[in-house]
Amino acid sequence: MPELRFDADGRIEGDREWIVVDARGELAWLGSHPKLALLQPSLLPDALLLRGGGQQPLRLSREPEGEATQALIWHPGERRMLGHAGRDAGALAAQFLRELTGEELRLVKLEREAMLATAPHPLHAVSTASVGELNAHLATLGLGPVDVRRLRPNLVLGDGPDAGMPFIEEHLTQMVWRDGQGAWRRLVHRMPCERCVVPNVDPDTGQAQAGIDTAIAALSAQRWPGQASRFGVYLQPPSGGSLAEGASLTMELDF
């Protein structure tokens with residue numbers, strides 16, 4: 001995206017409003033349905049546009065009129081599925097997902113309260129240097145390189161005096177910048193991003209490739225022995241404002 005806009009709750013506008021659920025009503029994710037990586041949604045001012053799998057693009061209302069539903073999403077604290085209010089996007093969306101994945105899936109727009117409750121980490125950042133370090137390690141294992149899309153970040157940190165240091169993002173306390181309205185804004189470090197099998201999924205083919213997650217875990221163990229596998233960090237955006245592609249950010253670091 002050319003720009004991230006932040007709402008009054010410190011969330012990326014439109015982010016994680018929509019989810020895909022399976023036939024049981026449970027949240028579908030790339031670990032269980034890797035072909036969802038082929039789905040390319042675009043949020044327009046008055047519509048959600050779905051592309052993928054060579055299908056004709058599907059334009060949906062941002063305010064679906066389908067049936068009210070309860071989406072089941074895993075709660076790590078309670079270690080069980082909890083129901084969250086949403087509204088089904090209808091038969092055309094379900095058909096699009098069926099043709100894309102070959103499975104019976106539904107598209108659901110979560111109610112605002114449900115979205116806030118189920119997406120506790122507003123922004124995920126990784127650096128290009130970290131991806132480069134991962135690719136160097138993959139090469140020693142005889143595996144090909146991956147691009148940053150495997151890590152599913154909202155924000156990619158690139159050029160800059162400190163950006164060439166792999167995993168520099170793990171030492172962030174905050175980053176500040178001036179947005180398009182001239183206001184100073186800040187992103188504040190919240191916690192590391194613990195990793196699962198999602199980076200195994202190739203975003204161009206929707207196929208899982210074994211070994212990427214274990215390579216990430218091996219690199220993580222070198223930096224953080226005895227800790228869960230991590231790659232990238234979660235940041236808290238400001239209430240309001242925007243961050244444009246190519247913006248210069250000042251990093252505050254803690255080593």
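These legends go with several views of a predicted model, from the whole chain down to the surroundings of Val148.

**View 1. The whole protein chain, with four helices and 15 strands.** With a radius of gyration of 19 Å, close to the 18 Å from the globule rule for 255 residues, the protein chain is as compact as a globular protein of that length. Its C-alpha trace spans about 50 × 50 × 40 Å along the principal axes.

**View 2. Inside the protein chain.** Of the 255 residues here, 42% are buried. Take the contacts between residues at least 6 apart in sequence: 67% of these join residues at least 24 apart.

**View 3. The surface and charges of the protein chain.** About 13,300 Å² is exposed, and carbon and sulfur atoms supply 50% of that. Count up the charged side chains and you get 25 positive and 33 negative, with the centres of the two sets 1 Å apart.

**View 4. Val148 in its loop.** Look for Val148 in the stretch that links α3 (128–140) to β10 (155–157). Val148 has a relative accessibility of 22%, so it counts as partly exposed; the cut-off for buried is under 20%.

**View 5. The company Val148 keeps.** Set aside the neighbours within four places in sequence, and Val148 is in contact with Val126, Val131, Pro153 and Val156. Gly132 is worth finding here too: Val148 and Gly132 are 16 residues apart in sequence, and their C-alpha atoms are 9.2 Å apart in space.

Notes: Residues are numbered from 1 along each chain as its sequence is written. This is a predicted model: local features need pLDDT of at least 70, side-chain atom pairs count only at pLDDT 80 or more; totals for chains, interfaces and linings use all residues. Side-chain values use heavy atoms; hydrogens and water are left out. Helices (H or I, at least four residues) and strands (E, at least two) are DSSP runs, numbered from the N terminus. Buried means under 20% relative accessible area, exposed over 50%, partly exposed in between (1.4 Å probe, protein chains only). Contact means heavy atoms within 4.5 Å. The radius of gyration is taken over C-alpha atoms; the globule rule is 2.2 Å times the number of residues to the power 0.38. Accessible areas come from the Shrake-Rupley method with a 1.4 Å probe; for residues, only the protein chains shown count as cover. Lys and Arg count as positive and Asp and Glu as negative; His and the chain ends are not counted. The place of a charge is taken as NZ of Lys, CZ of Arg, CG of Asp or CD of Glu.
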